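Reader: I am new to this structure and would be grateful for a close look at a single part of it. Please take one region slowly, explaining the terms as they come up.

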Amino acid sequence: MATKIRLQRGGRKNYAFYSIVIADVRAPRDGKFTEKIGTYNPNTNPATVDLNFERALAWVEMGAQPTDTVRNILSKEGVYLMKHLKGGVKKGAFTEEEAQKKFQAWKDAKVKGLEAVKANVADAKKKAAAAALEAEKKVNEAIAKKVAEKKAAAEAAKAEAEAAPAEEATEAAE
């Protein structure tokens, strides 16, 4: 039986959520599957992947063929790097401990990069909020200035209107 590692769609309309599953190549996309090894949520920034690393590695080593998207996900999670390192151990290029150190160094660098991306996204949100607040303050100041000018003009007109009858009364009295 030929197996594939593929995405199985879930979630509501316009908000996709995927399960990463092992399925027979003849099974439909959302049909029968052998095993669920994780989930993928592309709606978050960065996309969220929850993967059973050991099972994914086992299936890749058994020869399950991933789809293009799943291959990218597995590669970013380090499954293919670990497969490569295990191949080096089998060939005697380095020891198991060295392979684990290399993988851990790669994983630490990846985590640091993800934290940097999250920090940049948070910074961008803060800057956008600050810019929006400044723009709103400028608009409010402009509106307040116009309102003050209208009130001053209305007060001046009212004063003139009150002053005109008083002047007429003084002229009539003379």
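**A loop and the sheet beside it**

Author: N14 counts as exposed, because its relative accessibility is 72%, where exposed means over 50% relative accessible area, buried under 20% and partly exposed in between, calculated with a 1.4 Å probe and with protein chains only. Before going further, please keep in mind that this is a predicted model, in which local features need pLDDT of at least 70 and side-chain atom pairs count only at pLDDT 80 or more, while totals for chains, interfaces and linings use all residues. Residues are numbered from 1 along each chain as its sequence is written, and side-chain values use heavy atoms, with hydrogens and water left out.

N14 sits in the loop between β1 and β2, and although N14 is not a glycine, its phi is positive, at about 65°. The names of such elements follow DSSP runs numbered from the N terminus, a helix being a run of H or I with at least four residues and a strand a run of E with at least two. The loop belongs to a hairpin of β1 and β2 with 2 residues between the strands, and it is in this hairpin that N14 takes its positive phi.

From the loop we can follow the two strands themselves. Strand β1 covers residues 3-12 and strand β2 residues 15-24, and they pair in the antiparallel sense over 10 bridges, two strands being counted as paired if DSSP finds at least two bridges between them. As background, strands of a sheet pair through backbone hydrogen bonds, either parallel or antiparallel. Two places along this pairing can be picked out on the model: Q8 has S19 in β2 as its bridge partner, and L7 stands opposite I20, again in β2.

The hairpin is part of a wider arrangement, an open sheet of 5 strands in the order β4-β3-β2-β1-β5, with mixed pairing. At its edges are β4 (48-51) and β5, each of which pairs on one side only.

On one side of the hairpin, β2 pairs with strand β3 (residues 35-41) in the antiparallel sense, here over 5 bridges, and the bridge partner of I22 in β3 is E35. As for how much of β2 is covered, 7 of its 10 residues are buried, and the strand can be described as mostly covered. Beyond β3, in the loop that leads from β3 to β4, lies P46, and the peptide bond from N45 to P46 is cis, with omega near -5°.

On the other side of the hairpin, β1 is joined by 2 bridges to strand β5 (residues 65-66), and these two strands run parallel. One contact to look for here is that of I5, whose bridge partner in β5 is P66.

A last stop is helix α2, which spans residues 68-77 and whose buried residues are V70, I73, L74 and E77. Looking down the axis of α2, these buried residues fall within an arc of 95°, so they line one face of the helix; the arc is that of the directions from the helix axis to the C-beta atoms. In general, an α-helix has 3.6 residues a turn, so residues three or four places apart point the same way. The face of α2 that is turned away from the buried side carries the exposed residues D68 and K76. After α2 comes G78, whose phi is positive, near 95°.

To return to the starting point, the residue to keep in view is N14, exposed at 72% relative accessibility in the loop that links β1 to β2.
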